[in-house]
Amino acid sequence: MSQAREEILGRIRTALRDVPDHEAPGDVRVERAYRRGSNESAEALVARFVERVADYRAEVERVPGASLGEAVARACERHGARRLVVPENVPAAARPEGLDLIPDDGLTHAELDAVDGVITGCAVAIADTGTIALDGAGDQGRRALTLVPDLHVCIVPGSRIVASVPEATARLSDAVTAQRPITLISGPSATSDIELRRVEGVHGPRRLVVLVVE
Amino acid sequence: MTFQESAHIALQDTQLRHNIGNATRAIRAKRNHVVAELPDWQELREAGRALKERVLRHLDHYLVQFEQAVQGNGGHVHWARDAAEANRVVVELVRATGVDEVVKSKSLTTEETRLNEALEENGIRPRETDLAQLIIQLGRDKPSHVLVPAIHKNRAEIRELFKRELGIEDLSDDPAELAEAARRHLRDRFLHARVGISGGNFGVAETGTIALFESEGNGRMCTTLPDTLITVLGIEKLIPTWQDFEVYLQLLPRSSTAERMNPYNSFWTGVHEGDGPREFHLVLVDNGRTNVLADEIGRQALNCIRCSACMNFCPVYERTGGHAYNSVYPGPIGAILTPQLEGLDRAGSLPYASSLCGACYDACPVKIDIPQVLVHLRREVVKSEGLDPEHAAMRAMANVFSSRRRYELAQRLARAGQWPLARHGVIQHLPGALSGWTATRDMLPVPKQSFRDWWRQR
Ligand code: SF4
């Protein structure tokens with residue numbers, strides 16, 4: 001092992017002389033008195049999620065399952081998107097006719113840059129914060145898909161909305177164990193670096209459309 | 001230059017003061033609003049503090065666990081004792097890939113080690129990709145705020161800079177148009193980048209997961225698109241388990257950008273077939289952190305999750321801006337962290353860059369008692385300068401009695417046993433010229449509650 005490693009670990013042990021030898025990490029008390037769950041109705045969760053997504057200047061819409069395809073088509077038309085990349089397991093209901101839907105068979109970055117948008121599902125969504133979480137599962141695809149194109153249409157089944165951050169991290173822990181990358185998305189790409197004026201779409205997608213399916 | 005000298009210069013700059021004042025006021029108002037939304041904020045703060053304490057008291061254990069997890073996920077781990085070693089490691093890694101340009105997401109740790117200079121000296125061009133960082137890099141400037149590093153530049157100045165440095169003829173000073181110019185400038189570089197360098201907000205000891213929180217998507221670009229990713233992380237950035245994000249994902253965004261959540265939070269666990277870089281290197285940097293760890297009172301500075309709330313709430317920072325601190329970490333946290341990282345002989349004036357008003361402590365999402373550490377460090381400065389501590393305390397006392405507000409603060413500190421002359425809440429003897437008085441009697445103990453406090457509560 002490297003000399004630097006041994007030296008740093010040695011410095012740490014010297015620095016921590018005040019910590020008794022018999023103390024185990026678990027002996028340092030961590031009080032988890034914060035909220036972990038809730039017993040709100042599904043309707044309340046959806047309503048809060050929708051309200052908070054909209055706060056980020058994302059476009060959000062509640063759609064009945066039967067008209068999902070139309071909603072996707074409308075969103076694409078609004079943004080002039082015709083060619084969209086679609087991960088393998090995005091359901092047929094979310095793939096309207098009339099669009100040029102491209103499977104991701106190892107598209108290069110330049111090829112991805114040339115498509116107008118992407119349609120994905122989501123792993124879990126958080127009502128408290130208006131966040132969607134992607135964990136690389138089959139209906140979400142690899143990270144570059146939701147990063148390079150300009151428009152991201154994300155389909156959120158109502159059943160995947162949880163109230164709080166703790167519930168969401170619990171649901172994502174299997175993906176972490178499986179070493180899958182995770183991305184939490186809260187609104188479109190944004191910066192406030194110039195005079196604190198918020199501007200959307202610096203490097204990631206400029207537009208985020210969230211369709212909550214009931 | 002000492003803090004006092006540079007602060008004096010900064011105070012003359014009305015434009016700077018105007019920009020910083022506006023920024024901090026706006027962020028404070030927004031932040032109070034989103035924090036008030038969470039009924040369990042205090043419980044979250046306490047958990048956030050305790051988890052960090054657990055990690056710091058057992059840092060050797062957690063680092064070894066973290067190293068094994070990262071390696072188990074196909075990553076490579078490198079250790080660096082100081083800035084020079086960290087830079088050497090990164091330069092070698094970049095060299096091995098044969099490229100002469102890298103894309104970089106904002107990282108305070110690499111600012112601390114001055115990695116960009118080291119890369120340039122070795123013929124490698126670092127491209128900062130965060131908009132503010134790009135503005136700083138193009139202007140050969142220094143960041144003035146942890147969160148909004150170019151807050152001291154207004155739109156007209158940025159427009160001139162972009163026209164000159166990016167060769168754009170026709171450009172308005174509309175922030176949206178300026179951001180668009182940066183996007184166009186960087187897009188190709190992202191798509192063709194072969195090496196990305198990033199910092200990280202957290203490392204999870206149990207799973208080896210790294211987290212990067214950001215807004216623009218440039219962090220995602222740097223950590224996702226290149227073949228090789230090099231992440232530079234201070235050794236104190238660990239948290240025990242994935243579950244602990246249930247705490248920090250609530251504390252950090254609300255304290256930092258005053259949002260319920262920042263636009264992008266990326267988590268990667270080593271390399272993943274078919275998604276993202278094929279090679280992942282993690283550089284763990286000490287660079288003075290073990291010195292901080294050795295100080296039982298100062299150690300808590302390593303809890304810091306770099307949210308910047310303390311500077312937005314600091315009345316001194318609001319008036320001087322970040323440059324006055326001459327430190328990568330400005331504001332109250334810089335005042336306690338930098339002298340500990342770099343040594344009191346180099347940054348010993350920083351612990352005086354505070355009025356001890358306590359606003360930073362109230363704002364801090366991981367409950368770092370900054371005033372306590374400040375007072376402790378001032379005592380250390382006095383010792384290291386070989387000054388007679390009582391003489392120095394006398395100077396401080398004169399300062400205290402010169403204003404009623406400061407006097408009240410001193411009382412409060414004395415009650416907490418933190419005032420340098422107080423023992424158990426009693427001022428046992430006054431120094432210097434006043435010592436004759438306390439030689440024969442104890443000064444009145446500082447009451448548990450001052451009359452003013454008591455009156456206010458009526
Ligand atoms: S000291 Fe606390 S408030 Fe200041 S930046 Fe660090 S975590 Fe935030």
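## Exercises on a two-chain predicted model

Buried residues, meaning those under 20% relative accessible area with a 1.4 Å probe and protein chains only (exposed is over 50%, partly exposed in between), make up 54% of the 214 residues in chain A. This is a predicted model, in which local features need pLDDT of at least 70, side-chain atom pairs count only at pLDDT 80 or more, and totals for chains, interfaces and linings use all residues. Residues are numbered from 1 along each chain as its sequence is written, chains are lettered from A and ligands numbered from 1 in the order in which they are written, and side-chain values use heavy atoms, with hydrogens and water left out.

### Exercise 1: chain A as a whole

Describe the secondary structure and the dimensions of chain A.

Solution.
- Step 1: take helices (H or I, at least four residues) and strands (E, at least two) as DSSP runs numbered from the N terminus. Chain A then has five helices and twelve strands.
- Step 2: look at the extent. The C-alpha trace of chain A spans about 70 × 45 × 40 Å along its principal axes.
- Step 3: set this beside the radius of gyration, taken over C-alpha atoms, with a globule rule of 2.2 Å times the number of residues to the power 0.38. Chain A has 21 Å, whereas a compact globule of 214 residues would have a value near 17 Å.

### Exercise 2: chain B as a whole

Give the matching description of chain B, from its elements to its contacts.

Solution.
- Step 1: count the elements; chain B holds 23 helices and twelve strands.
- Step 2: turn to burial. Of the 458 residues of chain B, 62% count as buried.
- Step 3: define a contact as heavy atoms within 4.5 Å. Among contacts in chain B with a separation of 6 or more, 73% come from residues 24 or more positions apart.

### Exercise 3: the interface

How many residues of each chain are in contact, and how much area do the chains bury between them?

Solution.
- Step 1: count the partners. On chain B, 97 residues are in contact with 79 residues of chain A.
- Step 2: find the buried area, which is the accessible area (1.4 Å probe) that two parts lose on being put together, summed over both. The two chains bury about 7600 Å² between them, with 57% of it on carbon and sulfur atoms.
- Step 3: name the main contributors on chain B. Arg81(B), Arg183(B) and Trp242(B) lose the most area to chain A, together 10% of what that side buries.

### Exercise 4: helix α8 of chain B

Is helix α8 (residues 131-138) of chain B enclosed or open, and why?

Solution.
- Step 1: seven of its eight residues are buried, so α8 is largely enclosed by the rest of the structure.
- Step 2: list the buried residues, which include Leu131(B), Gln133(B) and Leu138(B).
- Step 3: find the neighbours. The buried residues of α8(B) pack against β10 (190-191) of chain A, and in chain B against α6 (108-113), β3 (125-128), α9 (155-165) and α10 (175-192).

### Exercise 5: three loop residues

Are Arg140(B) and Ala258(B) buried or exposed, and what does Thr207(B) touch?

Solution.
- Step 1: Arg140(B), in the loop between α8 and α9 of chain B, counts as exposed because its relative accessibility is 67%. This non-glycine residue has a positive phi of about 45°.
- Step 2: Ala258(B) lies in the loop between α12 (245-256) and β9 (264-269) of chain B. Phi of Ala258(B) is also positive, near 60°, and at 4% relative accessibility Ala258(B) counts as buried.
- Step 3: Thr207(B) sits in the loop between β5 (202-204) and β6 (209-214) of chain B and counts as buried at 16% relative accessibility. Leaving out residues up to four places away in sequence, Thr207(B) touches Val176(A), Ala69(B), Asn73(B) and Thr269(B).
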